[in-house]
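Reader: I would be grateful for a close look at one part of this model, the strand that comes at the start of the numbering. Please describe its surroundings and then relate them to the remainder of the chain.

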Amino acid sequence: MNTPPPSSQRPVSMRLLAEECGLSVATVSRALRGSPLVTARTRKLVEAAAHHLGYEFNPYVGQLMSSFRRSQGETMQGNLAFIWCDVWMGREDSQFGVMRGHALRRAAELGYSVSEFTLLDHTPTAMVRMLSSRGIRGVLILSPAGSAGKSHLRLNLEDFACVSIGWSLYSPAFHRVRFDHFQATRLAIHHAKRRFGGRIAVLVDFRYDQRSDRSCRAAFLSHHPDGPAAAAGLIFDVAGLDVKKLRRAYEDGKFAGLIVLSRSGLPPGFFDWFPHENMVYLDDDGDTPSFGRVDLRYDLLGRWSVDHLVGTIQRHETGEPAVPMTIFVPPRWMAGNR
């Protein structure tokens, strides 16, 4: 702190103190009142700056203003941040838009405001500084698109409660909420076998997300009606896919129903020879004709992520947890529009 102490003839305002600390006025006020919403590090920073500037805090005035705000119906519990590792994709009515919308509404229901950031726009140091200056208590981190399942966060988040969303394997490891691709695949097989029997194949993409891909493969092998040996020959990978081999297996009657993550992973011209009504999707918005699809529940993903984060805040748990806890969102079956 290089700012010289102001003249004693001019009283120091809380706004000036906030500017000196690089924090919001609200955060400085909470720190001076010893609020549990402020970390010990921030409180020490504010107290040191107040001593340096000669600022004197009247606790009776602070209590009076807090009481007045409560009487006006203020219900705000604190501030949260959404950190998108890249630009959040899609429209408001897209799947990620649905997740985001439900998360924002759940935060509002619980009395929290939300600020959104992307790592593409700020350096890690600037990001942490902004989080602190806005009085952020908890951080939700969304997995980057096309991450291949691994992300290293170069953010110092030890002063914040943190929850990650999605399947990415983070370092450091935070609490997380994610889809249950194992149960989604099991659910798809359960319904598909009623029509196709054991003639069910799956098209996976190891490049999309390695951990969710392994879950899909494991569920397919363990729950296929004809057993793991037969199922192993009915797993096709988008990477290096031999389309002629896939088509030949279909025309030879080895499979009739096909489970895929989404239509975007299918090879060009696929529906020239494979019927739409035999498709089973694990991550599709429902507009595509199919036998059926598994709804991964983007709505619950958003709401449960906020619930998990608020619970972490209320436990006063910050930084990397000793034992990261994972919550899986349960999928549901949706009949297709054939």
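Author: The account below begins with strand β1 and then turns to the chain as a whole, the open sheet, the nonpolar core and the aromatic rings.

The model is a predicted one. Strand β1 covers residues 78-84, and 7 of its 7 residues are buried, so the strand is largely enclosed by the rest of the structure. In a regular strand, side chains alternate between the two faces of the sheet. In β1, G78, L80, F82 and W84 point one way, while N79, A81 and I83 point the other way, and all of them are buried.

Strand β1 has pairing partners in β2 and β3. With β2 (residues 112-118), β1 runs parallel, and 7 bridges join the two. Within that pairing, A81 has S115 of β2 as its bridge partner. With β3 (residues 136-142), the pairing of β1 is likewise in the parallel sense, over 6 bridges. Here F82 is matched with L140 of β3 as its bridge partner.

The wider setting is as follows. The protein chain has 11 helices and 14 strands. Of its 338 residues, 48% are buried. Among contacts with a separation of 6 or more, 67% are between residues 24 or more positions apart. The accessible surface of the chain comes to about 17000 Å², and carbon and sulfur atoms account for 52% of this area.

Further along the chain there is an open sheet of 6 strands in the order β9-β8-β10-β11-β12-β14, with mixed pairing. Its edges are formed by β9 (235-237) and β14 (332-335); each has a single partner strand, so one side of each is left without a neighbour in the sheet. On average, neighbouring strands of this sheet are turned by 20° against each other, direction ignored. At the β14 edge, β12 (residues 292-295) pairs with β14 in the antiparallel sense over 4 bridges, and V294 has W333 of β14 as its bridge partner.

The loop between β9 and α10 (243-251) contains A239. With a relative accessibility of 35%, A239 counts as partly exposed because this value falls between the limits of 20% and 50%. A239 and D205 are 34 residues apart along the chain, and their C-alpha atoms are separated by 6.4 Å.

The largest nonpolar core has 57 residues, and those with the most contacts inside it include F220, F255 and F270. Helix α11 (residues 298-314) gives the most to this core, contributing 7 residues. Apart from its neighbours within four places in sequence, F220 is in contact with T185, I189, I200, A201, V202, A231, L234 and I235.

Two of the core residues just named, F255 and F270, also belong to a cluster linked by ring pairs, together with F236, Y250, F271, W273 and F274. The structure holds 12 aromatic pairs. In one of them, the ring centres of W273 and F274 are 6.0 Å apart and the planes stand at 80°, so the pair is edge-to-face. Both partners are buried: W273 has 13% relative accessibility, and F274 has a relative accessible area of 1%.

Definitions and conventions: Residues are numbered from 1 along each chain as its sequence is written. This is a predicted model: local features need pLDDT of at least 70, side-chain atom pairs count only at pLDDT 80 or more; totals for chains, interfaces and linings use all residues. Side-chain values use heavy atoms; hydrogens and water are left out. Two strands pair if DSSP finds at least two bridges between them. Axes are lines fitted to C-alpha atoms, for helices over the stretch in contact, and angles run from 0 to 180 degrees between N-to-C directions. Rings of Phe, Tyr and Trp (its six-membered ring) pair if their centres lie within 6.5 Å; planes under 30 degrees apart count as stacked, over 60 as edge-to-face and the rest as tilted. Buried means under 20% relative accessible area, exposed over 50%, partly exposed in between (1.4 Å probe, protein chains only). A nonpolar core is a set of buried Ala, Val, Leu, Ile, Met, Phe, Trp, Tyr and Cys residues joined through side-chain atoms within 4.5 Å. Contact means heavy atoms within 4.5 Å. Accessible areas come from the Shrake-Rupley method with a 1.4 Å probe; for residues, only the protein chains shown count as cover.
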